Amino acid sequence: MFRGASGNYNITITTLTELDGESSYNLYVDGKMVGNYQNPSTTVDYRATIKTFENIEVSHGAAIRVSSNSTSNGKIPEGNGFAYSRGRWSKLDFECIY
């Protein structure tokens, strides 16, 4: 539940890149998807990357949700298949713009 004042915000998500896949992330405000982002490919596991969704209307008390997917890029062998990314992310930052 969003405890800040109602207004428009730039919302920044910090995600973690993974060697085994490029997960994507969806940001929802009160059940409505307001942005999505896919991690870039990387040669460094768990490097922080950021994406800012600009001018998002958020009401006091709104439900904020992030979903992510698990995906494989077919680069890291594991058993009879390949390893999968896990959609890791670490934080959301809200900057009120008005």
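The following questions and answers look at how labels are assigned in this predicted model.

User: Why is the pair of Phe 2 and Tyr 9 called edge-to-face?

Analyst: Start with the distance. The ring centres of Phe 2 and Tyr 9 are 5.2 Å apart. Rings pair if their centres lie within 6.5 Å, so Phe 2 and Tyr 9 pair. Now the angle. Their planes stand at 80°, and planes over 60 degrees apart count as edge-to-face. Therefore the pair is edge-to-face.

User: Why is the pair of Phe 2 and Phe 94 called tilted?

Analyst: The centres of these two rings, Phe 2 and Phe 94, are 5.1 Å apart, and their planes are at 45°. Under 30 degrees would be stacked, and over 60 would be edge-to-face. The angle of 45° fits neither, so the pair of Phe 2 and Phe 94 is tilted.

User: What parts of the chain does the pair of Phe 2 and Phe 94 link?

Analyst: Distant ones. Phe 2 lies in the segment before strand S1 (7-16). Phe 94 sits in strand S8 (residues 89-96). They are 92 residues apart. With Tyr 9, these two residues, Phe 2 and Phe 94, form one aromatic cluster.

User: How do you know whether Phe 2 and Phe 94 are buried or partly exposed?

Analyst: Look at the relative accessible area. Phe 2 has 9%. Buried means under 20%, so Phe 2 is buried. Phe 94 has 30%. That value falls between 20% and 50%, so Phe 94 is partly exposed. Tyr 9 is buried, as Phe 2 is.

User: What makes Arg 65 count as lying over the face of Tyr 28?

Analyst: One part of the test is distance. Arg 65 is at 4.0 Å from the ring centre of Tyr 28. The cut-off is 6 Å. Arg 65 lies over the ring face.

User: How do you know that S1 pairs with strand S4 (residues 48-58) and with S8?

Analyst: Count the bridges. Two strands pair if there are at least two bridges between them. S1 and S4 have nine. S1 and S8 have seven. Therefore S1 pairs with S4 and with S8. Both pairings are antiparallel. Some partners can be named. Thr 12 is bridged to Thr 52 in S4. Thr 15 is bridged to Trp 89 in S8. Asn 10 stands opposite Glu 95 in S8.

User: What makes S4 and S8 the edge strands?

Analyst: The open sheet has three strands, in the order S4-S1-S8. S4 and S8 each pair on one side only. Neighbouring strands of this sheet are turned by 20° against each other on average, direction ignored. S1 is mostly covered, with nine of its 10 residues buried.

User: Why is Asp 30 called exposed?

Analyst: Asp 30 has 53% relative accessibility. Exposed means over 50%, so Asp 30 counts as exposed. Asp 30 lies in the loop between strand S2 (24-29) and strand S3 (32-38). Its phi is positive, about 50°, although Asp 30 is not a glycine.

User: Why is Tyr 46 called partly exposed?

Analyst: Tyr 46 has a relative accessible area of 42%. That is not over 50% and not under 20%, so Tyr 46 is partly exposed. Tyr 46 is found in the loop between S3 and S4. Its phi is near 65°, also a positive value in a residue other than glycine.

User: What makes the contact of Arg 88 and Glu 18 a salt bridge?

Analyst: The N to O distance between Arg 88 and Glu 18 is 3.1 Å. The cut-off is within 4 Å, so the contact is a salt bridge. Arg 88 is in the loop between strand S7 (81-82) and S8, and Glu 18 is in the loop between S1 and S2, so the pair ties together parts 70 residues apart in sequence.

User: Why is Glu 18 called buried and Arg 88 partly exposed?

Analyst: Glu 18 is at 2%, so it is buried under the 20% limit. Arg 88 is at 30%, so it is partly exposed.

User: How do you know that Asp 20 and Arg 86 meet in a salt bridge?

Analyst: Their N to O distance is 3.7 Å, so Asp 20 and Arg 86 pass the 4 Å test. Asp 20 and Arg 86 are 66 residues apart. Glu 18, Asp 20, Arg 86 and Arg 88 are linked in a network of salt bridges.

Methods. Residues numbered from 1 in each chain as written. Predicted model: local features only at pLDDT ≥ 70, side-chain atom pairs only at ≥ 80, totals over all residues. Heavy atoms only, no water. Phe/Tyr/Trp six-rings, centres within 6.5 Å; stacked < 30°, edge-to-face > 60°. Buried < 20%, exposed > 50% of the residue type's maximum accessible area, 1.4 Å probe, protein only. Helix = DSSP H or I, 4+ residues; strand = E, 2+ residues; numbered from the N terminus. Lys NZ or Arg CZ within 6 Å of the ring centre and 35° of its normal. Axes fitted to C-alpha atoms, helices over the stretch in contact; angles between N-to-C directions. Salt bridge = Lys/Arg side-chain N within 4 Å of Asp/Glu carboxyl O.
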